[in-house]
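Me: I would like to learn how to read a fold from its coordinates, one feature at a time. Could you take me through an example?

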Amino acid sequence: MIRTEFFTGPAIAPHITRLSALRVAVFREWPYLYDGSMTSEQGFMEGFAKSTTSGIAIAFDGDEAVGASTCLAMTEEDDHVTQPFRDAGLDLSRFCYFGESVLLRQYRGQGIGVRFFQWREAHARSLPGVDSTTFCAVQRPSDHPLRPRDAIPLDNFWRKRGYLPTDLTCTMTWKQVDSAAKVQNILRFWMHRL
Ligand SMILES: CC(C)(COP(=O)(O)OP(=O)(O)OC[C@H]1O[C@@H](n2cnc3c(N)ncnc32)[C@H](O)[C@@H]1OP(=O)(O)O)[C@@H](O)C(=O)NCCC(=O)NCCS
C-alpha cells in the first residue's frame, strides 16, 4: 500500500537528498532527458527547505520515498521562473508555483499523481492571497529522435486536473543525456484558478 504525506518548512529538510535522487532517476527519461547526478543536484534545494511557503508531497512504499512533488509561493521563486509573469503584468502574489513531480515508473497509474495535485492545491489555498496555481513543462518536438514511440504527453492528465496551457514560457538550462554541455530548454506554463 502506497501512502502519501505532505511536509512543510523544516520538516522538508530530511527528504531533500531522496528528492534529488528521484529527480536524477526520473528526469533522465523522456521528455526531460536530464543528465544529472547527486553532485550536480547539490545545493539545488537548499533555499527551498528554508522557505516558509514551500511544501512537498511524498509517496512512500513502506519507509522508502518512491515519488515526490513540490510547491512554493511564486513570490519566492527564482527570476527565470517569475520574469515571464512580471513581463505579462501578472501579480506574483496570487500564484503558487508547482515544481517537479517525480514518481518511479512502477508506481504510476495508481492515482498518486492526482494526490500530488490535491496536496499541493490544499497548500496553495493556505497561502494568504494565493488564488491560482501554475507549473511549467518542457517543450519537445514530436519528431525528437529520443522520443519513445509509446510516449503519451501528460497534457490530458493536466487538463483533467483543471489546468490549461498559457502563452507564457520560460527558459531553463541543463545538461542532457544527448548533449555534451548544458542546453537551453523552453518550458510552457500551465495555470489553474483555485
Ligand atoms: C506525472 C506523474 C507523477 C503522474 O503520476 P501517476 O501517479 O502515474 O498519475 P495518476 O495515476 O494519478 O494518473 C491519474 C490519471 O491520469 C492518467 N494519466 C497518468 N499518466 C498519464 C499520461 N502520461 N497521459 C495521459 N494520462 C495519464 C491516468 O490514466 C489517470 O486517469 P484517470 O483519472 O482517468 O484514471 C508521473 O507520470 C511521472 O512521474 N512522470 C515523469 C515525470 C514528469 O514528467 N513529471 C511532470 C513534470 S515535472
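Reply: What follows is a conversation about the sheet, the helices packed on it, one buried strand residue, the ligand shell and two backbone details. Please keep in mind throughout that this is a predicted model.

Me: In which order do the strands of the sheet lie, and is the sheet open or closed?

Reply: Reading a sheet begins with listing which strand pairs with which. Here 7 strands form an open sheet with mixed pairing, and their order is E1-E2-E3-E4-E5-E7-E6. The edges are taken by strand E1 (2-8) and strand E6 (164-175), each of which has a single partner strand, so one side of each has no neighbour in the sheet. From one strand to the next, the twist averages 25°.

Me: In which sense do E6 and E7 pair, parallel or antiparallel?

Reply: The sense of a pair is read from the directions of its two strands. E6 and strand E7 (residues 182-193) are antiparallel and share 9 bridges, and within E7 it is Lys 182 that stands opposite Lys 175. E7 also pairs with E5 in the antiparallel sense, over 7 bridges, where Trp 190 of E7 is the bridge partner of Phe 135. E4 and E5, in turn, pair in the parallel sense over 3 bridges, and the chain passes from E4 through H5 to E5 in a β-α-β crossover that is right-handed.

Me: Which strands does helix H4 lie across?

Reply: For a helix on a sheet, one asks which strands it meets and at what angle. Helix H4 (residues 79-87) lies across E4, E6 and E7, and runs at about 150° to E6. H5 also packs on the sheet, where it touches E1, strand E2 (55-61), strand E3 (64-73), E4 and strand E5 (132-138), with its direction at about 150° to that of E2.

Me: Is Phe 95 buried or exposed?

Reply: Burial can be judged by counting neighbours around a residue. Phe 95, which is in strand E4, has 24 other C-beta atoms within 10 Å and is therefore buried, the cut-off being 20 or more.

Me: Which residues is Phe 95 in contact with, beyond its neighbours in sequence?

Reply: Setting aside neighbours within four places in sequence, Phe 95 is in contact with Met 74, Val 130, Ser 132, Thr 133 and Thr 134. Of these, Ser 132 in E5 stands opposite Phe 95, while Thr 134 is 39 residues away in sequence and yet 6.8 Å away in space, C-alpha to C-alpha.

Me: How many residues surround the ligand, and which elements supply them?

Reply: A ligand shell is read by its members, their origin and their character. There are 17 residues around the ligand, the closest being Leu 103, Arg 108, Ile 112, Gly 113 and Val 114. Strand E4 (95-103), helix H5 (112-126) and helix H6 (155-160) each supply at least two residues of this shell, and E4 gives the largest share, 4 residues. By character, the shell divides into 9 nonpolar, 6 polar and 2 charged residues.

Me: What should I look for in the backbone angles of the loop between H1 and H2?

Reply: Most residues other than glycine have a negative phi, and most peptide bonds are trans. The loop between helix H1 (16-27) and helix H2 (38-41) contains Pro 31, which is joined to Trp 30 by a cis peptide bond with omega about 5°. Leu 33, which lies in the loop between H1 and H2, has a positive phi, near 55°, in a residue other than glycine. Leu 33 is also buried, because 21 other C-beta atoms lie within 10 Å.

How values were computed: Residues are numbered from 1 along each chain as its sequence is written. This is a predicted model: local features need pLDDT of at least 70, side-chain atom pairs count only at pLDDT 80 or more; totals for chains, interfaces and linings use all residues. A residue is near a molecule or strand if its C-beta atom, placed from the backbone, lies within 6 Å of it. Ala, Val, Leu, Ile, Met, Phe, Trp, Tyr, Cys and Pro count as nonpolar, Asp, Glu, Lys and Arg as charged, and the others, Gly among them, as polar. Two strands pair if DSSP finds at least two bridges between them. Axes are lines fitted to C-alpha atoms, for helices over the stretch in contact, and angles run from 0 to 180 degrees between N-to-C directions. Two residues are in contact if their C-beta atoms, placed from the backbone, lie within 7 Å. A residue is buried if 20 or more other C-beta atoms lie within 10 Å of its own, exposed if 12 or fewer, and partly exposed in between; C-beta atoms are placed from the backbone. A crossover is right-handed if, with the strands pointing away from the viewer, the path from the first strand over the helix to the second runs clockwise.
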